[in-house]
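Student: I should like to learn how the features of a protein model are read. May we work through one together?

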Amino acid sequence: NSVKELKIDNVKITWGGDFRLRYEYKEDFDFDDAVNDKDGFWYGRTRFNVGTNINNKVLLFFEGLDSREWASNVSPKTQKDDFDLHQLYFLLTRPNDLPVSFKVGRQELSYGAGRLVHCSAWPNTIRAFDAVKFIYNPKLFDVDLFWGNVVQYFDRHFNDGKFGEHFFGLYTTFKGIQGSVFDLYTLNLIDKHRLVAGEDKQEGDLERYTVGTRGEGKLPRHDAWGYGYEFAYQFGDKASDIIKAYAWHADINYTFKNCFAQPVVKIEYNFASGDEDPGDGDSETFVPLFQSTHDPYGLIDFFRWQNIKEIALFLDFMLLKNRIQGSLQYHRLYLDETEDAWYNARGNKVRRGTLADVSDFVGEEADFYLKYRVLSFLELQGGYAHFFCGEYVKDTGSADDADWFYLQTSISF
């Protein structure tokens, strides 16, 4: 019935993929207009997948990914990776109609709102894990028990898992209230792949344990109103340091159902602890594990859920149902502790911590994007972000505002 599938008795073979081309322009990402760091980037990505499904019980799935990066002055090109394995897994679903499933192999893992575990499709090189996962999903609950290690990207070399780094956890979701979900989880990372340094400069292993809860949904009898929350606490050891860190999120939103474009207004607050004393033997910096590398704390990706205080306002809208949607955003951003670093979306330090008396107000960001699904297989999108430097940036170095712009075309097949 489809050019994308072949059915032989109880076996169904499917195939498909997509091609994406994106242009990005970045200006003053070092906050210094005197330095000519204006740069344009072209990114191309192709994905191709094949799946073999037997009786809707057994699935063998393969996906390859090819990433290209052109025209930039950056070296090495971290978004470039010649055709390589992205996913290859075996999935057994509900044997004998039992509410259990089993998945093993290279796969994507994403949980909750993506603040701690997410395989975002935004970057050219999409995150994956070599993992095994057991799933129990009766009517009211979803329970995932998993273990694995993240895949490292090597251009012109097979992408291996990060052996010695163990990521494992239990993620449960309660679905018993219509329109709402409630999660409890423990997400744990033991890193023996490489040594880490404590505040006393002594090296050792990392053991970071994260426990948390999350929920989102609509208010009963007032479903125009929505809410979301998450709280996470981390403990363990980083070499000789003792880990004690936490983070939380809260939002409330309202949908104007009877208005043109059905706008949704949302206000949210995000907090993640920083380390107030870099020499006391306590590691108080919350680390968001394998979070989404794009979007949650501003489109320009200058922040992540780490040493941050943020107030954000969103106006999302749909000009044409299932065809044209967009978003206007405002982000006001602070550091929790100026003694700790300012971390961007990839976890790199934008500015190092300082013991000087400086402001904690980093800046403001204004964002806009628009997506247009022209045809079922063709999507166009574009966006712009401007970062207004605050007192912290001015107190610690050059402080020119930054700009970012992108256009993107996606074709699925």
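Tutor: Let us begin with accessibility: a residue is called buried under 20% relative accessible area, exposed over 50%, and partly exposed in between. Please keep in mind that the model before us is predicted.

Student: How does that apply to Gly-279: is this residue buried or exposed?

Tutor: Gly-279 has a relative accessible area of 60%, so it counts as exposed. Its place is the loop between strand 14 (264-272) and strand 15 (282-283). Its C-alpha lies 9.6 Å from that of Asp-241, although 38 residues separate the two in sequence.

Student: Which elements make up the secondary structure of the chain as a whole?

Tutor: The protein chain has 22 strands and 1 helix. Its radius of gyration is 22 Å, close to the 22 Å that the globule rule gives for 413 residues, so the chain is as compact as a globular protein of that length. The C-alpha trace spans about 70 × 55 × 50 Å along its principal axes.

Student: What share of the residues counts as buried, and how much area does the chain expose?

Tutor: Buried residues make up 46% of the 413. The exposed area is about 20200 Å², of which carbon and sulfur atoms supply 58%.

Student: How should I read the contacts in terms of sequence separation?

Tutor: One takes the contacts with a separation of 6 or more and asks what part of them joins residues 24 or more positions apart; in the protein chain this part is 59%.

Student: How many charged side chains of each sign are there?

Tutor: There are 64 negative and 46 positive side chains, and the centres of the two sets lie 9 Å apart.

Student: Let us turn to the aromatic rings. How is a ring pair classified?

Tutor: Two rings pair if their centres lie within 6.5 Å; planes under 30 degrees apart are stacked, over 60 edge-to-face, and the rest tilted. By this rule, the model holds 32 aromatic pairs. In one of them, Tyr-23 and Trp-42 are tilted, with 5.0 Å from centre to centre and 50 degrees between the planes.

Student: Which parts of the chain does the pair of Tyr-23 and Trp-42 tie together?

Tutor: Tyr-23 belongs to strand 2 (residues 11-27) and Trp-42 to strand 3 (residues 39-54), so the pair ties together parts that are 19 residues apart in sequence. Tyr-23 is partly exposed at a relative accessible area of 24%, and Trp-42 is likewise partly exposed, at 36%.

Student: Is there a pair that ties together other parts of the chain, and what is its geometry?

Tutor: Consider Phe-31 and Phe-387: their ring centres are 6.0 Å apart and their planes stand at 50 degrees, so this pair is tilted. Phe-31 is in the loop between strand 2 and strand 3, while Phe-387 is in strand 21 (residues 378-389), so the pair ties together parts that are 356 residues apart in sequence.

Student: Are Phe-31 and Phe-387 buried or exposed?

Tutor: Phe-31 counts as buried at 2% relative accessibility, and Phe-387 is buried at 0%. Both belong to a cluster linked by ring pairs, whose members are Phe-29, Phe-31, Phe-302, Phe-303, Trp-342, Phe-387 and Tyr-392.

Student: What should I look for in the backbone angles?

Tutor: One feature to look for is a positive phi in a residue that is not a glycine. Asp-9 has a phi of about 55 degrees and is not a glycine. Asp-9 lies in the loop between strand 1 (5-8) and strand 2, and is exposed at 71% relative accessible area. Ala-239, also not a glycine, has a positive phi of about 55 degrees. Its loop runs between strand 12 (222-238) and strand 13 (241-255), and Ala-239 is partly exposed at 21%.

Student: With which residues is Asp-223 in contact, leaving aside its neighbours within four places in sequence?

Tutor: Asp-223 is in contact with Lys-218 and Lys-257. This aspartate lies in strand 12 and is partly exposed, with a relative accessible area of 43%. The C-alpha atoms of Asp-223 and Thr-255 are 8.5 Å apart, across 32 residues of sequence.

Student: Where is Asp-97 found?

Tutor: Asp-97 is in the loop between strand 5 (81-93) and strand 6 (100-107). It is exposed, with a relative accessible area of 59%. From Asp-97 to Lys-57 the C-alpha distance is 9.3 Å, with their positions 40 residues apart in sequence.

Key: Residues are numbered from 1 along each chain as its sequence is written. This is a predicted model: local features need pLDDT of at least 70, side-chain atom pairs count only at pLDDT 80 or more; totals for chains, interfaces and linings use all residues. Side-chain values use heavy atoms; hydrogens and water are left out. Helices (H or I, at least four residues) and strands (E, at least two) are DSSP runs, numbered from the N terminus. The radius of gyration is taken over C-alpha atoms; the globule rule is 2.2 Å times the number of residues to the power 0.38. Buried means under 20% relative accessible area, exposed over 50%, partly exposed in between (1.4 Å probe, protein chains only). Contact means heavy atoms within 4.5 Å. Accessible areas come from the Shrake-Rupley method with a 1.4 Å probe; for residues, only the protein chains shown count as cover. Lys and Arg count as positive and Asp and Glu as negative; His and the chain ends are not counted. The place of a charge is taken as NZ of Lys, CZ of Arg, CG of Asp or CD of Glu.
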